[in-house]
Amino acid sequence: MKVGQVDFNDYFSHYPDKDGLFGKFGGCYISEELKAAMAEITEAYYSICQSRKFIAELRRIRKEFQGRPTPITHLERLSDALGGKVQLYAKREDLNHSGAHKLNHCMGEALLAKYMGKKKVIAETGAGQHGVALATAAAYFGLECDIYMGSVDIKKQAPNVARMKILGANVVEVKEGLATLKEAVDAAFAAYSREYKDCIYCIGSVLGPHPFPMMVRDFQSVVGIEAREQFIEMTGHLPSAIVACVGGGSNAAGLFSGFLNDPVDIYGIEPLGRGEKLGDHAASLKYGTEGIMHGFNSIMLKDENGEPAPVYSVASGLDYPSSGPEHAFWQEIGRVKYDVINDEETIDAFYRLSRMEGIIPAIESSHAVAYGMKLAKTMDHGSVLINLSGRGDKDMDFVIEKYGIPEN
Ligand SMILES: *Cc1c(COP(=O)(O)O)cnc(C)c1O
């Protein structure tokens, strides 16, 4: 299938190009020192990802440790409640070990570290989800693990801090500035410049300098490959549309990868939070402009000084002021449509899916569920496959405190 100049028949052999570009987006905008480290990872990745041994080991781990393939569930009661003309389905990444899709790329990155002979993995974390997934992978492989986290987030996310420590990770407190995610990223990058001979940096989404957007997409593509096969086996045809939430964009890139060359409408959903005013949402692809941050060129939300703007979403996993460069590219060429869902619609979908299907979704994933329901109402037949990126256990305390438990 061709969209403009882009031929999706052999898309993955051309995107990204050797400089890590998806059209004008992506690239590698970092210090000379780190460039050497990135070049080492790039080279290792290109050779290791062809290695039969590496691929076989990753497959075995996915099956025996992660519990893959994760199933697809037909959301029958929810579909009926919406009129029954359109059928909704969910790809169950909430059933992936540790409760979300994040482990898919963390296991890949940690296995790469092992093959490269590194002793340690390092990363930053905001809400702690990426930190927990990486700590899980590090424990599995017997690697050391340093997770950089702002003091403010350490206080807010006590259960995830405890999880990381139980898994054997070293949580490094970052006290500079506002002491949240941005400072944690800076501190983790600084540590990486000092220690890159012994460790690799593991980014938490399809973000950062080349080769990370490509690597994380490739590791997540298992979601789309499985989903396409399973969906056809279940129903005899392709879904009419697929939907995923977009923070950095890794769960979306994983699902979308499997369907780019198919006649399937693809929707990436960003958080509209409290509304359209800058600071009230994190819908970077919808309201942002081109710019460079954290080592790559993409579409981002900027403040009046051109710096990354403050963002907000009820889902802490979605509140990032930019999105992966490949999403900016898919938006530009028109292959994927990006739309938004606000906090209220999200929380409504969270309760609806819980009560009608017996699945408590992560608040991030609830954005995709809300959009899937909205989309179904505009169609008169067909099917919608929603990526359920994670489970909602982590959100329980927050939802109960903020929204209460609805009466029966
Ligand atoms: C982190 C997270 C996300 C957002 O990350 P992406 O890279 O955009 O996928 C979405 N859902 C869950 C459950 C998460 O933990």
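**Figure 1. The salt bridge between lysine 24 and glutamate 332 in the predicted model.** In this predicted model, the side chains of lysine 24 and glutamate 332 meet in a salt bridge, with 3.4 Å from N to O. Lysine 24 belongs to the loop between strand 3 (21-22) and strand 4 (25-26), while glutamate 332 is part of helix 12 (residues 325-333), so the pair ties together parts that are 308 residues apart in sequence. Lysine 24 is partly exposed, at 41% relative accessibility. Glutamate 332 is likewise partly exposed, at 46%. A search of the whole structure finds 24 salt bridges.

**Figure 2. The salt bridge between lysine 91 and glutamate 226.** The closest N and O atoms of lysine 91 and glutamate 226 are 2.7 Å apart. Because lysine 91 lies in strand 6 (residues 87-92) and glutamate 226 in helix 9 (residues 212-235), this pair ties together parts that are 135 residues apart in sequence. Lysine 91 is buried, with a relative accessible area of 0%. Glutamate 226 also counts as buried, at 12% relative accessibility.

**Figure 3. The salt bridge between aspartate 395 and lysine 394, and a salt-bridge network.** The side chains of aspartate 395 and lysine 394 meet in a salt bridge, at 2.9 Å from N to O. Aspartate 395 is buried, at 8% relative accessibility, whereas lysine 394 is partly exposed, at 31%. Elsewhere, salt bridges that share partners join Arg68, Lys91, Glu93 and Glu226 into one network.

**Figure 4. The surroundings of the ligand.** There are 16 residues around the ligand, and Lys102, Ser205, Gly249, Ser250 and Ser389 come nearest. By class, this shell has four nonpolar, 10 polar and two charged residues. The side chain of histidine 101 has an N or O atom 3.0 Å from an oxygen atom of the ligand. For lysine 102, an N or O atom of the side chain is 2.6 Å from a ligand oxygen atom. Glycine 249 takes part through its backbone, where an N or O atom lies 2.7 Å from an oxygen atom of the ligand. Taken alone, the ligand exposes 380 Å², and the protein buries 97% of that.

**Figure 5. Cysteine 49 and cysteine 245.** The count of disulfides comes to zero. Cysteine 49 is in no disulfide, and the nearest cysteine sulfur, that of cysteine 202, is 16 Å away. Cysteine 49 is partly exposed, with a relative accessible area of 24%. The sulfur of cysteine 245 has its closest cysteine sulfur in cysteine 106, at 16 Å, which is too far for a bond, because a disulfide requires the two sulfur atoms to be within 2.5 Å. Cysteine 245 is buried, with a relative accessible area of 1%.

**Figure 6. Glycine 236 and arginine 355.** Glycine 236 is found in the loop between helix 9 and strand 11 (241-245). With a relative accessible area of 59%, glycine 236 is exposed. Glycine 236 and serine 221 are 15 residues apart in sequence, and their C-alpha atoms are 22 Å apart in space. Arginine 355 lies in helix 13 (residues 343-357) and counts as partly exposed, at 43% relative accessibility. The C-alpha atoms of arginine 355 and arginine 77 are separated by 9.9 Å, although these residues are 278 residues apart along the chain.

**Figure 7. Cis peptide bonds before proline 16 and proline 69.** Most peptide bonds are trans. The bond from tyrosine 15 to proline 16, however, is cis, with omega near 0 degrees. Proline 16 lies in the loop between strand 2 (6-7) and strand 3. A cis peptide bond also joins arginine 68 and proline 69, where omega is about 0 degrees. Proline 69 is located in the loop between helix 2 (52-66) and strand 5 (72-75).

**Figure 8. Positive phi values at serine 98 and alanine 179.** Most residues other than glycine have a negative phi. Serine 98 has a positive phi, near 75 degrees. This serine 98 is placed in the loop between strand 6 and helix 4 (102-115) and is partly exposed, at 28% relative accessibility. Alanine 179 also has a positive phi, near 55 degrees. The loop between strand 9 (170-174) and helix 8 (181-195) holds alanine 179, which is buried at 5% relative accessibility.

Definitions and conventions:
Residues numbered from 1 in each chain as written. Predicted model: local features only at pLDDT ≥ 70, side-chain atom pairs only at ≥ 80, totals over all residues. Heavy atoms only, no water. Salt bridge = Lys/Arg side-chain N within 4 Å of Asp/Glu carboxyl O. Helix = DSSP H or I, 4+ residues; strand = E, 2+ residues; numbered from the N terminus. Buried < 20%, exposed > 50% of the residue type's maximum accessible area, 1.4 Å probe, protein only. Near = heavy atom within 4 Å. Polar contact = N/O pair within 3.5 Å; in protein donor to acceptor, adjacent residues only side chain to side chain. Areas by Shrake-Rupley, 256 points an atom, 1.4 Å probe, with all protein chains shown as cover. Nonpolar A, V, L, I, M, F, W, Y, C, P; charged D, E, K, R; others polar.
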